[in-house]
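Colleague: Got a minute to go through this one with me? I'd like to hear what you make of it.

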Amino acid sequence: MAFNRDIKIAPSILSADFANFGQEIQAIETEGCDWVHVDVMDGHFVPNLTFGPPLLAAIRPHIKTVMDVHLMISPVDEYIEAYAAAGSDVITAHIEAGNHTHRTLQAIRNTGAKAGLALNPGTGLDDVEYLLDLVDLFCVMTVNPGFGGQKFIHSQVDKVKKLRAMIGDRPIHIEIDGGITPETAPLMAAAGADVLVAGSAVFKGGSVANPAPYGRNIRAIRDAANKVLG
Ligand code: DX5
Ligand code: ZN
């Protein structure tokens, strides 16, 4: 996983056909996505329940790009190894998930995975300064986590601008998660984001039998984002 700041589109399989993950992943990758975003929810940190490590291990052989795993779980530390063993390339934990984020990030890096740190919309940047050297990716939530298909929260554009300035030359990705469409993607690309997660906006209109809309949706988001970068 060589670092660059090119725009990367990461479809969230939360919006895929749950009875058909292997083919859905093949379809979005064939149609041009860069990463595959996997939303893990525990019914406690967020009010929804999704995927455990065996499901991730089962889909891993179908992913040729990057398995980008977003853990919306608390506690998180005791599950990191299992999600790493399932083949995660990036493991993102929430800063709100516990009191020892520094230790959590160290534990993720110790597995060999890239360490991501997610921030809920209401969380500020005050507590990230002394974590910068342990982070490979910041995930800025532009919805309250738990569900796909929610409305983009505009106040987060300003947060991303400030975060981008804090990061400076460090090789840290800024990922945006929630409500990304061809309309909202340019705001975040201009603010300094490089990884755009999109669930409903990628999967709408398509299916494994008719994957062309996935490609059109991915291109529409990517083109809109790249347009403002010049
Ligand atoms: C929300 C998840 C997101 C979500 C994005 O808790 O972390 O990844 O699936 O879905 P859309 O793009 O539909 O907002
Ligand atoms: Zn997510």
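Modeller: Sure, let's start with the ground rules and then go through the ligand, the rings and a few single residues. It's a predicted model, so to speak: local features need pLDDT of at least 70, side-chain atom pairs count only at pLDDT 80 or more, and totals for chains, interfaces and linings use all residues. Residues are numbered from 1 along each chain as its sequence is written, chains are lettered from A and ligands numbered from 1 in the order written, and side-chain values use heavy atoms, with hydrogens and water left out.

Colleague: Ligand first, then. How many residues surround ligand 1, and which are the closest?

Modeller: The count is 20, and the closest are D39, G146, D177, G199 and S200. A residue is near if one of its heavy atoms lies within 4 Å of the molecule.

Colleague: Which strand gives the most to that shell?

Modeller: β2, with three residues. At least two residues each come from β2, β3 (67-72) and β8 (195-198). Strands here are DSSP runs of E with at least two residues, helices are H or I runs with at least four, and both are numbered from the N terminus.

Colleague: What polar side-chain atoms lie by the oxygen atoms of ligand 1?

Modeller: D177 has a side-chain N or O atom 2.6 Å from a ligand 1 oxygen. For S12 the distance to a ligand oxygen is 3.2 Å, and for H70 it is 3.3 Å. The protein covers 99% of the 380 Å² of accessible area that ligand 1 has on its own, by Shrake-Rupley with a 1.4 Å probe.

Colleague: OK, switching to aromatics. How many aromatic pairs are there?

Modeller: Four. Rings of Phe, Tyr and Trp (its six-membered ring) pair if their centres lie within 6.5 Å; planes under 30 degrees apart are stacked, over 60 edge-to-face, and the rest tilted. F18 and F21 make a tilted pair, because their centres are 5.0 Å apart and their planes sit at 45 degrees.

Colleague: Are F18 and F21 buried or exposed?

Modeller: F18 is partly exposed at 44% relative accessible area, while F21 is buried at 8%. Buried means under 20%, exposed over 50%, and partly exposed is in between (1.4 Å probe, protein chains only).

Colleague: And what about F18 with F51?

Modeller: Tilted as well, with centres 5.3 Å apart and planes at 55 degrees. That pair links distant parts of the chain, 33 residues apart: F18 is in the loop between β1 (8-11) and α1 (21-30), and F51 is in the loop between β2 (36-41) and α2 (53-59). F51 is buried, at 7%. F18, F21 and F51 form one aromatic cluster.

Colleague: New topic: where does T104 lie, and what does its side chain contact?

Modeller: T104 is in helix α4 (residues 101-110) and is buried, at 7%. Its side chain makes a 2.7 Å polar contact with that of D77. A polar contact is a pair of N or O atoms within 3.5 Å; within protein, one must be able to donate a hydrogen and the other to accept it, and residues adjacent in sequence count only if both atoms are side-chain atoms.

Colleague: What does the side chain of S88 reach?

Modeller: The backbone oxygen of Y83, at 2.6 Å. S88 is in the loop between α3 (80-85) and β4 (90-94), buried at 8%.
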